[in-house]
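The following exercises concern the packing of helices and nonpolar side chains in a predicted model. Please examine the structure before reading each solution.

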Amino acid sequence: MPPAISVVIPAYNAAGLIEATLLALQAQRLNAEIIVVDDASTDATAACVGRHRDVRLLRLEQNQGRAAARNAGAGLACAEVLLFLDCDRVPAGPDFLSAHLALSGQAADGACGTVEAAGSGFWARYQNHPCPPHGARVPLTAFSSANFSIRRSRFQSLGGFDTRYRRYGFEDRDFYARLLAAGGHLVSAPDARAQHIDQVNLAQSWQRLQECGEDSADRFRSAHPEQYRRMAYWYLDAGAHPLLRPFGRCLGWMLRPTLAGMDRMLAIEWLPFALRRAVAKAYSAAAFLYGTTRRR
């Protein structure tokens, strides 16, 4: 009997994370095909996955990025419904897959599940946001490819993810922008909950947002100018607003040396959370702006 759903998991140096995700998927009530794409990891990711005989493992010889890894996994899938799940997202409860499948009907092309941060510290609270109500259309600004399902036929008709997005960010927004332009949409599946177990810190957040501004955002801006202008990123883009360039350069020079100390400040629980959140948002905005000043 063919699987009801194929789960595609891109993984890079995820030996310490992917075990929990695989165990949670194997505990699901719904029959599923699990495909892990090892994007040329340099750690023991492949060995960890290889211990699970019911998981298909595809190893890429060269690191190609999440977009290419997801496409490669989708190319092996057998089910009509594809579920893309990041390697550090652990399904919560045995009905995670069923919640996705219930909304992948003719009325919608697929569903976006909820991602909740693990723990109770600052970064867990900072990452958690309310999701759209059950069955509501997911807007472009709320879409994430970390936990979403889509009919395989629709995915193939769009050509999958754009593999030119090699660095962090916007490969998901690009995919969804093309889906919306083709008349499709995804709906919210709050019951399809996954827990984000990877630890976040300010230095990691800075690096990712700097990469995003430096490369991926500019590619998205060129491909989808109207959608980009509706996003907050546009107001922080030195390519769109040249007067921001010297300001962004100065912020990068001033703030990068303070990341470790500021991360310790964000962990001080007696400080108001609203203040700490404002600081984290300011650093995130500065990182993205600085990245836009480094484009070639």
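**Exercise 1: A pair of helices**

The axes of helix H10 (residues 245-255) and helix H12 (residues 273-292) come within 8 Å and cross at roughly 120°. Classify this crossing and identify the residues that make the contact.

Solution. Angles of 65 to 115 degrees count as roughly perpendicular and those over 145 as roughly antiparallel. The crossing angle is roughly 120°, which makes H10 oblique to H12. The crossing of the two helices is left-handed. On the H10 side, the contact is made by Arg-245, Phe-247, Gly-248, Arg-249, Leu-251, Gly-252 and Leu-255. H12 contributes Tyr-283, Ala-286, Leu-289, Tyr-290 and Thr-292.

**Exercise 2: The largest nonpolar core**

Determine which helices and strands each supply at least two residues of the largest nonpolar core.

Solution. This core has 32 residues, and those with the most contacts inside it include Phe-84, Phe-148 and Phe-155. At least two residues each come from strands S2 (32-38), S4 (81-85) and S7 (147-151), and from helices H3 (66-76), H7 (171-181) and H8 (202-223). H7 provides the largest share, four residues. Beyond four places away in sequence, Phe-155 touches Asn-71, Ala-74, Leu-82, Phe-84, Ile-150, Gly-160, Phe-161 and Phe-175. A second, separate core of 27 residues includes Ile-18, Leu-22, Ala-192 and Ala-194.

**Exercise 3: The buried face of a helix**

Establish where the buried residues of H1 lie around its axis.

Solution. In helix H1 (residues 18-26), the buried residues are Ile-18, Thr-21, Leu-22, Ala-24 and Leu-25. Viewed down the axis of H1, these residues fall within an arc of 160°, so they line one face of the helix.

Definitions and conventions. Residues numbered from 1 in each chain as written. Predicted model: local features only at pLDDT ≥ 70, side-chain atom pairs only at ≥ 80, totals over all residues. Heavy atoms only, no water. Core = buried A, V, L, I, M, F, W, Y, C linked by side-chain atoms within 4.5 Å. Buried < 20%, exposed > 50% of the residue type's maximum accessible area, 1.4 Å probe, protein only. Contact = heavy atoms within 4.5 Å. Arc of directions from axis to C-beta. Axes fitted to C-alpha atoms, helices over the stretch in contact; angles between N-to-C directions. Parallel < 35°, antiparallel > 145°, perpendicular 65-115°, else oblique. Left-handed = near helix turned anticlockwise from the far one by under 90°.
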